[in-house]
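Subject: Structure handover

Hello,

Here is the structure you asked about, with notes on what turned up in it. Please read the notes with the model open.

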Amino acid sequence: MKRIVCILLLLCATISQAQEKYFEREVSKISKRIESIAKEQKDSLKLKVIAIDKRLEKGEITKSTSDSLKKELAAYHARRIEKLVSEQEALLQLLVQDKTNGKIASSGEFDKDYNEEKTFTIGSKTFIFKDNEDYYDTQKEKKEAREKKWSFHKKWNRRTTSQFVFAMGINNTLTDNNLSTLGDDYQTWRSRFYELGFTWKTRFTKEPSQLYFKYGVSFLWNNLRLKDNQEHVKNGDVTNIETRIDEMLTESRLRHVQMSFPVHLEWDFSNNKTYSDGRKRDVTNNSVRLGIGGFAGFKLGTRQYLEYKDSEGVEVESVQYDNFNMNVFNYGLSSYVGYKDVSFYVKYDLNPLFKNTETRNISMGIRLDLD
């Protein structure tokens, strides 16, 4: 129990540190967006002023009309800066309020289309200004303008995201792939597994969709507790389960730690956000998710813990360091289904747990995928 508490405390500390880093990163992003808002609006105003000057040079408008248009545009972009900056300040305030709840405010509302058409009327004449490529004289300038225009959209429409993974549940074995053998040798509820890791989730298509390739790395602690005063005994190339005669065991646990590389095909049924101009933004971990795949890995270490009282009544704790003829490399199938960050998780080894046996490890439990 002490070990479980330590693991949970370590998990809480890790999640807290990750949330703190994420919070600082989000604050930095909002600060950069505020700077970008001012620059975008100033650049847009500059382009429009250049266009007005060109019309003035061609004699299409008078000097008085030109001055009036420039004042009108300056006032409009000042209002735009004030409005957009206030939205980001509100987002920052929401971010601070939600920090303690582990919820980070969405900044997707910033990803708006700046190619809005604005109309200005001076006297009897109406002028239409667009933040498009008409103000650029060369193909190079047009290309730079397009790349700049979509930079924020690309930033918030990443094709690959990352998650912190924690899973825990019951761990046991099957013999000859027979489900009826589950729990024959090992205690069902006291044999548990714990998993910590990171995954990356990449969209198959360039545009937002619901199909992803998910891959990562994990560390697993698999525990198997024997029934009926039994222990694992290594006899040459064979590991047997034998009953201890001299003492009554209060603990008989075999733990094997492994490093695993999971790969899944994930369907994420979250509804992607669609903007007024038809563009879509990828939204993940916000609805039902289904993952099917497998894993491959290798064992980092195996040990057996035995606790009992000897003939003198002295409590003895014994730790046996050995591989107990376990296969070093392992591979298998895994799947999960859930809603948002929480999933029901099952994984099954295809290769035997011990050499010269048909005993295979199976685990099932709860999995958290935290963005």
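Asp 176 counts as exposed, because its relative accessibility is 53% and the cut-off for exposed is over 50%. Please keep in mind that this is a predicted model. Asp 176 sits in the loop that runs between strand S3 (160–175) and strand S4 (192–203). Its phi is positive, about 55°, although Asp 176 is not a glycine. Most residues other than glycine have a negative phi.

Phe 324 also has a positive phi without being a glycine, in this case about 50°. Phe 324 is in a loop too, the one between strand S12 (315–321) and S13. Is Phe 324 buried or exposed? Phe 324 counts as buried, because its relative accessibility is 3% and buried means under 20%.

Phe 324 is also one of the 8 residues of the largest nonpolar core. The other members of that core are Tyr 186, Leu 224, Leu 226, Leu 254, Met 326, Leu 353 and Phe 354. Phe 354 touches several of these core residues, including Tyr 186, Leu 254, Phe 324 and Met 326. Leaving out residues up to four places away in sequence, Phe 354 also touches His 232, Thr 239, Asn 325, Asn 327 and Thr 359.

Next, Arg 225. Arg 225 belongs to strand S5, which covers residues 211–225. With a relative accessibility of 12%, Arg 225 counts as buried. Which side chain does Arg 225 meet in a polar contact of 3.1 Å? The partner is the side chain of Glu 251. Beyond four places in sequence, the contacts of Arg 225 include Glu 251, Ser 252 and Arg 253. Asp 185, Tyr 186, Gln 187, Arg 190, Ser 191 and Arg 192 are also in contact with Arg 225.

On the surface, there is a nonpolar patch of about 610 Å². The patch is made by Phe 269, Val 288, Val 337, Tyr 339, Val 342, Phe 344 and Ile 366. Strand S13 (329–339) and strand S14 (342–349) are the elements that give two or more residues to the patch. Val 342 is in strand S14. Val 342 is partly exposed, because its relative accessible area is 40%, and partly exposed covers what falls between buried, under 20%, and exposed, over 50%.

Val 342 is also in contact with Leu 368. Leu 368 lies in strand S15, residues 359–370. A relative accessible area of 24% makes Leu 368 partly exposed. How many residues separate Leu 368 and Phe 164 in sequence? The two are 204 residues apart in sequence, and their C-alpha atoms are 7.9 Å apart in space. Phe 164 is in contact with Leu 368, as are Val 165, Phe 166 and Asp 341, besides Val 342.

Last, the whole chain. The protein chain has 371 residues, and 40% of them are buried. Its secondary structure comes to 4 helices and 15 strands. Of the contacts with a separation of 6 or more, 69% are between residues 24 or more positions apart. The chain exposes about 20600 Å², with carbon and sulfur atoms supplying 55% of that area.

Regards

How values were computed. Residues are numbered from 1 along each chain as its sequence is written. This is a predicted model: local features need pLDDT of at least 70, side-chain atom pairs count only at pLDDT 80 or more; totals for chains, interfaces and linings use all residues. Side-chain values use heavy atoms; hydrogens and water are left out. Buried means under 20% relative accessible area, exposed over 50%, partly exposed in between (1.4 Å probe, protein chains only). A polar contact is a pair of N or O atoms within 3.5 Å; within protein, one must be able to donate a hydrogen and the other to accept it, and residues adjacent in sequence count only if both atoms are side-chain atoms. Contact means heavy atoms within 4.5 Å. Accessible areas come from the Shrake-Rupley method with a 1.4 Å probe; for residues, only the protein chains shown count as cover. A nonpolar core is a set of buried Ala, Val, Leu, Ile, Met, Phe, Trp, Tyr and Cys residues joined through side-chain atoms within 4.5 Å. Patches are made of residues with over 30% relative accessible area and no salt bridge: like charges are joined within 9 Å, nonpolar side chains (Val, Leu, Ile, Met, Phe, Trp, Tyr) within 5 Å. A salt bridge is a side-chain nitrogen of Lys or Arg within 4 Å of a carboxyl oxygen of Asp or Glu.
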